[in-house]
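Work through the exercises below with the sequence and the three-dimensional view side by side. Each task is followed by a solution that proceeds step by step.

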Amino acid sequence: MAQENGRKILDVTHISSRGSSYRITLPKKVAAELNLSNEDDIIIFYQEELGRITLEKLRH
């Protein structure tokens with residue numbers, strides 16, 4: 001995919017509303033890069049100093 005400011009766009013997804021929460025479908029390319037499985041993996045959302053939000057797989 002395209003590059004933006006030296007960053008590679010891996011994939012994109014849509015967000016839908018469900019009650020008071022939002023549902024995000026994680027693309028398979030992203031799941032593969034994070035080494036996620038169908039099991040009970042957990043994703044952590046971090047807020048960086050400049051307001052950027054990143055996500056990582058919880059290592060357990």
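## Exercise 1: A tyrosine and its hairpin

Tyrosine 22 is exposed, with a relative accessible area of 66%, in what is a predicted model.

**Task.** Find the strand that holds tyrosine 22, its bridge partner, and the surface patch to which tyrosine 22 belongs.

**Solution.** Begin with the position along the chain: tyrosine 22 lies in strand β4, which covers residues 21–24. Next, look across to strand β3 (residues 15–18), which pairs with β4 in the antiparallel sense over 4 bridges; within this pairing, serine 17 has tyrosine 22 as its bridge partner. The two strands β3 and β4 make a hairpin with 2 residues between them, and in the turn glycine 19 has a positive phi of about 65°. Finally, turn to the surface, where Tyr22 joins Ile15 and Ile24 in a nonpolar patch whose accessible area together is about 380 Å².

## Exercise 2: The salt bridge

**Task.** Decide how many salt bridges the model has, and state whether each partner is buried, partly exposed or exposed.

**Solution.** The count comes to 1 salt bridge, formed by aspartate 41 and lysine 57, whose closest N and O atoms are 3.7 Å apart. This pair links distant parts of the chain, since aspartate 41 is in the loop between α1 (28–33) and β5 (43–47), while lysine 57 is in strand β6 (residues 53–57), 16 residues apart. For the second part, compare each relative accessible area with the cut-offs, under 20% for buried and over 50% for exposed. Aspartate 41, at 22%, is therefore partly exposed, whereas lysine 57, at 19%, counts as buried. As background, side chains of opposite charge can pair when their charged atoms come close.

## Exercise 3: An asparagine with a positive phi

**Task.** Locate asparagine 35 and say what is notable about its phi.

**Solution.** Asparagine 35 lies in the loop between α1 and β5. Its phi is positive, at about 60°, although asparagine 35 is not a glycine. The general background is that most residues other than glycine have a negative phi. As for exposure, asparagine 35 counts as exposed, because its relative accessibility is 58%.

## Exercise 4: The second hairpin

**Task.** Describe how β5 and β6 are joined, and then place phenylalanine 45.

**Solution.** Strands β5 and β6 run antiparallel and are joined by 5 bridges; one pair of bridge partners is glutamine 47 and isoleucine 53, the latter in β6. Between the two strands of this hairpin there are 5 residues, and glycine 51, in the turn, has a positive phi of about 90°. Phenylalanine 45 lies in strand β5 and is exposed, with a relative accessible area of 56%. Measuring from C-alpha to C-alpha in the model, one finds phenylalanine 45 and valine 12 at 17 Å apart in space, and they are 33 residues apart in sequence.

## Exercise 5: The largest pocket

**Task.** Give the volume of the largest pocket, and work out which elements contribute to its lining.

**Solution.** The space in the largest pocket is about 720 Å³. Of the 21 residues that line this pocket, those closest to its centre are Asp11, Leu26, Val30, Ile53 and Leu55. Going on to the elements, β2 (7–8), α1, β5 and β6 each give two or more residues to the lining. The largest share, 3 residues, comes from β6.

How values were computed: Residues are numbered from 1 along each chain as its sequence is written. This is a predicted model: local features need pLDDT of at least 70, side-chain atom pairs count only at pLDDT 80 or more; totals for chains, interfaces and linings use all residues. Side-chain values use heavy atoms; hydrogens and water are left out. A salt bridge is a side-chain nitrogen of Lys or Arg within 4 Å of a carboxyl oxygen of Asp or Glu. Buried means under 20% relative accessible area, exposed over 50%, partly exposed in between (1.4 Å probe, protein chains only). Two strands pair if DSSP finds at least two bridges between them. Patches are made of residues with over 30% relative accessible area and no salt bridge: like charges are joined within 9 Å, nonpolar side chains (Val, Leu, Ile, Met, Phe, Trp, Tyr) within 5 Å. Accessible areas come from the Shrake-Rupley method with a 1.4 Å probe; for residues, only the protein chains shown count as cover. On a 1 Å grid over the protein atoms alone, a cavity is a set of points where a 1.4 Å probe fits but cannot get out, and a pocket is an open set with protein on both sides within 12 Å along at least five of seven lines; lining residues have an atom within 4 Å of a point. Grid points are joined across faces, edges and corners, and a volume is the space filled by probe spheres set on the points.
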